[in-house]
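Got your viewer open? Let's take a walk through this protein, one selection after another.

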Amino acid sequence: MLNYASNSSYMRYTFLLLCSFWALASLAQRPVSLQGVVVNKQNQQPLAGINIVINPGGNTAITDAAGKFTVTGLKAGAVNVAASGVGFNAVVLYNVAVSSGNISTVQIELEPSVASIEGVTVKGSRRTAKAASLETPLSVQRLTTEEIKANPGGNFDISRVIQSLPGVGGGVGGGGFRNDIIIRGGAPNENVFYLDGIEIPTINHFATQGAGGGPQGILNVSFIEDVKLSSSAFDARVDNALSSVFDFKQKKGNSERVQGNVRLSATELAGTFEGPLAKGKRPTTFLASARRSYLQLLFSALDLPIRPSYWDFQFKTTTQLSAKTTLTTLGVGAIDRFSFAVPQESTPEKTFALNSNPAIQQNSYTVGFALKHLIDNGFWNLAVSRNVLDNRLDRFSDNLNPTDASRNLGIKSVEAENKLRFDVNQTVNGFKIAYGVSAQWVQFTNNAFARISFQPDVTSTFNTSINFARLGAFVQVGKRFMNNRLGVSGGLRTDVNTFTTNGMNAAQTLSPRLSFNYVLADKWSFNASVGRYARLAPYTVLGYKDNAGNFSNKNADYTISNHYVAGFEYLPSSTTRFTLEGFYKQYSNVPISVRDGISLANLGNNFNVLGNEPVRTNGKGRAYGLEFFAQQKLTKRFFGILSYTLYVSEYTNANGRFAPSAWDNRHLLALTWGYKFPKNWELGLKFRFQGGAPYTDFDMAASQANFLTLGQGVLDFNRINQLRLNGFNSSDVRIDKKWYFKKATFDLFLDVTNWYQAQTFAPPSYTFRRNADNTAFLTTNGQPIQQNGSNGIPFLLSNNEINVLPTIGFIVEF
């Protein structure tokens with residue numbers, strides 16, 4: 001099936017705007033400026049006397065006593081910002097956008113320089129392309145805001161953009177509409193996300209409770225200055241991470257004037273504003289945004305029976321309380337609705353989609369503040385936050401005519417976490433030391449009903465409310481030895497909770513980690529790490545009660561993952577980076593479903609809930625493979641990324657035998673490049689290949705007996721993941737044309753996902769054959785179909801599709 005998503009009236013309107021702006025392009029463009037601040041990375045103190053050079057153009061500036069600088073007379077477009085000073089390693093920020101619409105602001109962190117290593121000349125700028133640190137010397141990648149915005153097929157969604165990086169998969173089929181982030185074969189709920197040091201548990205709209213994936217990201221790209229992805233060697237300050245840590249760094253609002261941008265496309269309208277709130281002794285800046293989707297209009301135009309719509313909001317304020325103290329407040333929120341409508345033309349595919357998905361009402365938010373105070377040789381952080389997920393799901397045998405008797409699923413659940421984290425970071429006699437504590441108060445309620453099967457009639461009904469504390473502590477120490485040739489960092493963390501049976505046993509979650517970085521030559525280094533990481537089971541698992549009202553999973557243990565990683569890094573220039581790594585992840589205490597006998601690590605890629613069932617935490621898992629990465633930062637006009645991962649992902653089920661996991665795609669290949677042409681034209685192209693994912697066949701007898709009640713087939717978990725889909729490949733293209741006026745910038749873009757119409761593969765759906773006009777089921781005896789399906793004609797509905805999504809839109813900066 002071929003689906004084209006477009007909006008003809010909107011495209012005609014945009015074309016008229018294009019012609020108008022082209023006619024205005026002859027207007028004079030005024031020079032633009034760039035502002036920034038430079039600080040010492042180790043102690044966050046501002047650095048004075050740092051030389052700033054902007055290329056192309058060669059414009060220069062020097063930071064003042066507060067570390068601030070302003071460069072004027074720049075030509076609008078993309079520039080590289082170089083910062084250097086005596087006693088510090090030089091740094092270059094690549095592909096920084098400067099425009100007449102907004103005054104760009106950057107923050108640069110410089111590390112004290114290493115003078116020399118015996119037999120090796122250390123050049124100050126040779127590690128500019130390097131993304132690693134002493135604590136995380138490998139398995140780490142970085143993306144800038146421009147790389148995110150210009151990513152073909154990314155549609156300003158960070159969760160999709162990072163699929164260009166090594167080890168990152170895009171869910172089961174690879175080309176689907178969900179953002180199930182799969183890192184090195186781990187499950188979607190093994191990742192954690194931090195925004196300016198505050199954890200954001202939900203970063204997707206319509207998030208799967210207990211897993212985290214969803215079809216569309218929440219975070220506003222206009223806020224983001226830098227994204228760091230660590231897929232191993234996690235800093236000890238981070239808890240609950242098994243596969244990855246995303247660290248989103250937001251920019252500060254402009255301190256001189258109010259400015260903003262508006263983005264309009266066929267699927268959404270978004271507005272972002274920033275500027276000063278107060279000046280003087282305690283200057284305060286702000287960032288604020290809101291976004292509204294129009295997916296329901298698009299889906300209506302395509303005559304699809306589902307109607308998703310959402311809002312999201314985001315804000316940040318930064319207040320300089322004193323020369324040494326900074327207060328940051330932030331908030332992220334989303335309102336999601338997923339409903340149904342009668343299609344104008346009924347087909348078996350539309351009918352199945354109508355009754356196999358739940359109606360969704362989901363609200364989520366995170367609010368908090370972070371206080372940073374500079375001390376001798378370092379700084380301390382205090383972060384306080386609250387996050388809430390309010391999730392309501394309803395599914396019926398006939399979603400258009402719901403009744404209590406036909407209900408298959410009913411969820412009213414609220415997760416709330418109140419968090420506090422305090423950490424101290426100092427450099428003493430060459431030792432980089434960090435230590436701290438964390439505390440959480442968890443509130444979880446869940447009123448749940450689920451029909452497990454019709455024949456036999458099995459249901460699960462419970463109402464739960466739990467409140468408990470989570471506590472943690474960590475220490476991390478690192479230093480360079482052997483004339484700075486060898487870098488060593490070690491950390492220790494432990495976490496406890498007051499709910500589970502063994503939750504207060506700190507030894508159970510004791511998580512040591514050790515990493516090494518050894519400079520082999522000027523451009524070569526060898527890196528290795530080993531670490532143990534722990535994660536608490538989802539609240540949907542912990543809060544589950546059986547029909548008698550007893551907590552079934554109070555004895556659940558923390559899931560443990562041991563990482564072993566080693567690899568080489570080659571930096572032939574300050575703009576080019578190559579890495580080759582091998583990894584092995586070993587899991588224990590993985591939850592296994594008592595009812596189905598499968599590892600919960602295989603679940604979480606749909607719109608239901610992961611958990612809400614009895615489990616045993618005695619499962620095992622393993623994921624291992626090789627990973628290659630090459631990156632060229634913007635030089636002159638070209639930038640690009642090439643990544644390839646070969647891996648295996650397996651988990652044990654109730655029988656104790658390893659089987660391929662749902663994320664065992666084996667091959668991940670991504671190539672992304674961009675080119676900036678004259679006259680402000682930009683072209684981006686991305687190609688992805690993802691090996692075929694395993695899937696499970698249906699239990700045909702159970703499916704026939706239960707389909708009319710459940711609205712879907714029943715999988716045969718005795719043959720878990722014994723089948724495999726075909727591999728997926730696709731290419732996306734993006735074209736931008738920018739016009740720079742005296743006080744505004746206009747960016748017109750065309751983004752086409754899967755432009756050469758490759759097929760996306762997905763597991764089939766179980767249904768019964770229907771008559772020609774799709775008004776009734778065909779039967780073996782010509783009589784009306786029986787509720788137990790005994791006279792139905794089983795049919796496997798193919799979900800292999802060709803999905804082409806052209807998006808045309810514009811961004812106005814002012």
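Start by selecting D716 and R719: these two form a salt bridge, with the closest N and O atoms 2.8 Å apart. Keep in mind that you're looking at a predicted model. Why bother with pairs like this? Side chains of opposite charge can pair when their charged atoms come close. Now check how covered each partner is. D716 has a relative accessible area of 14%, so it counts as buried, because the cut-off is under 20%. R719 comes out at 33%, which makes it partly exposed.

Next, pick R666 and D664. Here's another salt bridge, and its closest N and O atoms are 2.8 Å apart. Which of these partners is buried? That's D664, at 0% relative accessibility. R666, at 29%, counts as partly exposed.

Now jump to R237 and D423. Their salt bridge has its closest N and O atoms 3.3 Å apart. Where do the two partners sit? R237 is in the loop between β16 (224-230) and β17 (244-250), while D423 belongs to strand β25 (residues 407-428), so this pair ties together parts that are 186 residues apart in sequence. R237 is buried at 17% relative accessibility, and D423 is buried too, at 1%.

Want something busier? Select E199, D239, E417, K419 and R470 together: they're linked in a network of salt bridges. How many salt bridges are there in the model? The count comes to 37.

Time to leave the charges behind. Click on V388, which lies in strand β24. With 11% relative accessibility, V388 counts as buried. Show what's around V388 and, leaving out residues up to four places away in sequence, you'll find that it touches N363, S364, Y365, V414, E415 and A416. Then add P201 to your selection. P201 and V388 are 187 residues apart along the chain, yet their C-alpha atoms are separated by 8.9 Å.

Last stop: helix α5, residues 348-356. Which of its residues are buried? Color K350, T351, F352, L354, N355 and S356 to see them. While you're looking at a helix, here's a handy rule: an α-helix has 3.6 residues a turn, so residues three or four places apart point the same way. Finally, show what the buried residues of α5 pack against: β22 (325-340), β24 (378-396), α7 (700-710), β42 (765-768) and β43 (794-797). You've already met β24, the strand that holds V388.

Key. Residues numbered from 1 in each chain as written. Predicted model: local features only at pLDDT ≥ 70, side-chain atom pairs only at ≥ 80, totals over all residues. Heavy atoms only, no water. Buried < 20%, exposed > 50% of the residue type's maximum accessible area, 1.4 Å probe, protein only. Helix = DSSP H or I, 4+ residues; strand = E, 2+ residues; numbered from the N terminus. Contact = heavy atoms within 4.5 Å. Salt bridge = Lys/Arg side-chain N within 4 Å of Asp/Glu carboxyl O.
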